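Me: I have a structure open here and have not looked at it before. Can you walk me through it?

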Amino acid sequence: MIMEGASLYLPFVILLMQCSSCVPVVVSTNRHTVEVREDTDAVLSCMFRTEKEQNPRIEWKKKGKDVSFVYFDGHFRGSFEGRASIEGATVTLRRVTQEDAGEYRCEISAPLDTVTLGETNVTLKVLAQAVTGSVVQLRCSDQQSVPPATYSWFKDNQPISTPRYANATYIINSHTGILEFKSVAKEDTGRYSCLASNGVGPPKMCEGKHMTIEDVNVSAVAAAATVVCLVVVACVCGGFLLHRSGFFGRHRGRSNVNYVPPPQEFNANFNQSLPLRSDGL
């Protein structure tokens, strides 16, 4: 009877020993949120460990309205080609722009492992920056609103009142959604957001963007004459307001940032569009 009990117990012990060594593919990152200034490099970390697979497939994707490939089949794709590098599964993006801001996903495929796919997400925020004395515009728009929406602005969650005097340092157009600073100062640094309302559905707040104002290089300004800085924040609130049909449209709650690179040359009569740096709306 003792031997029979031992023979029944032995296979169970062996099964435990075999399963204890099973470690399926594991993917992680040491920074889920990366914040950098525009025109600097951004490192999107991705580490992985596999059970058996020696040559796992590495892919990076960028989320948006549609998911697009960043790195696939051993090559960078689209706008990342020629300005990005990879070491292991960690990607470095060089001289990031507003177009690069967003959520990225690192995927590791290991066909020989018990679990064949692992992934981790990294959010890249590109900080906005303008210089003191420049003209800055922040724009908020809901192109799908019926009737057309009106807009109000907030700084650090506090409402920005409509100026009553002609010599005010900023202008708010509640119909176009434009907040314009005639000459920004360091105290204008902060997180800006807008509220869209059309009087039909409940008003909804768009996610904010952080803008940093830096001191200007006086000698550079003297040499360059007048420079106009245009910061465009297109906060698309489509789906936040009721449409003519009475139903809400689908929207992910993120804004689309339109980045316009500056021209190589300009003169005193040309309004140059300087880069916008932002942490994501």
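Reply: One term to begin with: a residue is called buried when its relative accessible area is under 20%. Keep in mind too that this is a predicted model.

Me: Fine. Is Cys-194 buried or exposed, then?

Reply: Cys-194 is buried, because its relative accessible area is 1%.

Me: What does Cys-194 form with Cys-140?

Reply: Cys-140 and Cys-194 form a disulfide, with 1.8 Å between their sulfur atoms. The pair links distant parts of the chain: Cys-140 is in strand 12 (residues 136-141) and Cys-194 in strand 17, 54 residues apart. Cys-140 is buried as well, with a relative accessible area of 0%.

Me: How many disulfides does the structure hold?

Reply: It holds two. In the pair of Cys-46 and Cys-106, the sulfur atoms are 2.1 Å apart. Cys-46 lies in the loop between strand 3 and strand 4 (47-49) and Cys-106 in strand 10, so this disulfide ties together parts that are 60 residues apart in sequence.

Me: Which hand does the link of Cys-46 and Cys-106 have?

Reply: Left-handed, with -75° about the S-S bond. Both Cys-46 and Cys-106 are buried.

Me: Back to strand 17. What does strand 13 do with it?

Reply: Strand 13 (residues 150-155) pairs with strand 17 in the antiparallel sense, over six bridges. Phe-154 stands opposite Ser-193 of strand 17.

Me: And how many bridges between strand 17 and strand 19?

Reply: Three, again in the antiparallel sense. Arg-191 has His-210 in strand 19 as its bridge partner. Strand 17 also pairs with strand 18 (residues 204-205), antiparallel, over two bridges. There, Leu-195 stands opposite Met-205.

Me: Which residue takes a positive phi in the hairpin of strand 17 and strand 18?

Reply: Gly-199, with phi near 80°. That hairpin has six residues between the strands. In the hairpin of strand 15 and strand 16, which has four residues between the strands, Gly-177 takes a positive phi near 80°.

Me: Stay on strand 15. Where do its side chains point?

Reply: They alternate along strand 15 (residues 170-173). Tyr-170 and Ile-172 point to one face and are buried, while Ile-171 and Asn-173 point to the other and are not. Strand 15 is joined to strand 16 by four bridges, and the two run antiparallel. Phe-181 in strand 16 is the bridge partner of Tyr-170.

Me: Why would side chains alternate?

Reply: In a regular strand the side chains alternate between the two faces of the sheet.

Me: New topic. How many residues does the largest nonpolar core have?

Reply: It has 25 residues. Those with the most contacts inside it are Leu-44, Trp-60, Leu-93, Tyr-104 and Leu-124. Several strands each supply at least two residues of this core, including strand 2, strand 5 (57-62), strand 10 and strand 11.

Me: What is Leu-93 in contact with?

Reply: Leaving aside neighbours within four places in sequence, Leu-93 is in contact with residues including Ala-42, Leu-44, Phe-80, Tyr-104 and Leu-124. Apart from the largest core lies another, of 20 residues, among them Val-136, Ile-172, Leu-179 and Val-184.

Me: Now the charged side chains. How many salt bridges are there?

Reply: The structure holds 10 salt bridges. In one of them, the side chains of Glu-214 and Arg-37 meet at 3.5 Å, N to O. Glu-214 is in strand 19 (residues 209-214) and Arg-37 in strand 2 (residues 33-37), 177 residues apart.

Me: Are Glu-214 and Arg-37 buried or exposed?

Reply: Both fall in between: Glu-214 is partly exposed at 26% relative accessibility, and Arg-37 is partly exposed at 33%.

Me: What about Glu-119 and Arg-105?

Reply: Their side chains meet in a salt bridge at 3.8 Å, N to O. Glu-119 in strand 11 (residues 117-131) and Arg-105 in strand 10 (residues 102-109) are 14 residues apart. Glu-119 counts as partly exposed at 43% relative accessibility, whereas Arg-105 counts as buried at 14%.

Me: Which residues do shared salt-bridge partners join into one network?

Reply: Arg-57, Glu-59, Lys-61, Arg-105, Glu-107 and Glu-119.

Note on methods
Residues numbered from 1 in each chain as written. Predicted model: local features only at pLDDT ≥ 70, side-chain atom pairs only at ≥ 80, totals over all residues. Heavy atoms only, no water. Salt bridge = Lys/Arg side-chain N within 4 Å of Asp/Glu carboxyl O. Buried < 20%, exposed > 50% of the residue type's maximum accessible area, 1.4 Å probe, protein only. Core = buried A, V, L, I, M, F, W, Y, C linked by side-chain atoms within 4.5 Å. Contact = heavy atoms within 4.5 Å. Disulfide = S-S within 2.5 Å. Pairing = 2+ DSSP bridges.
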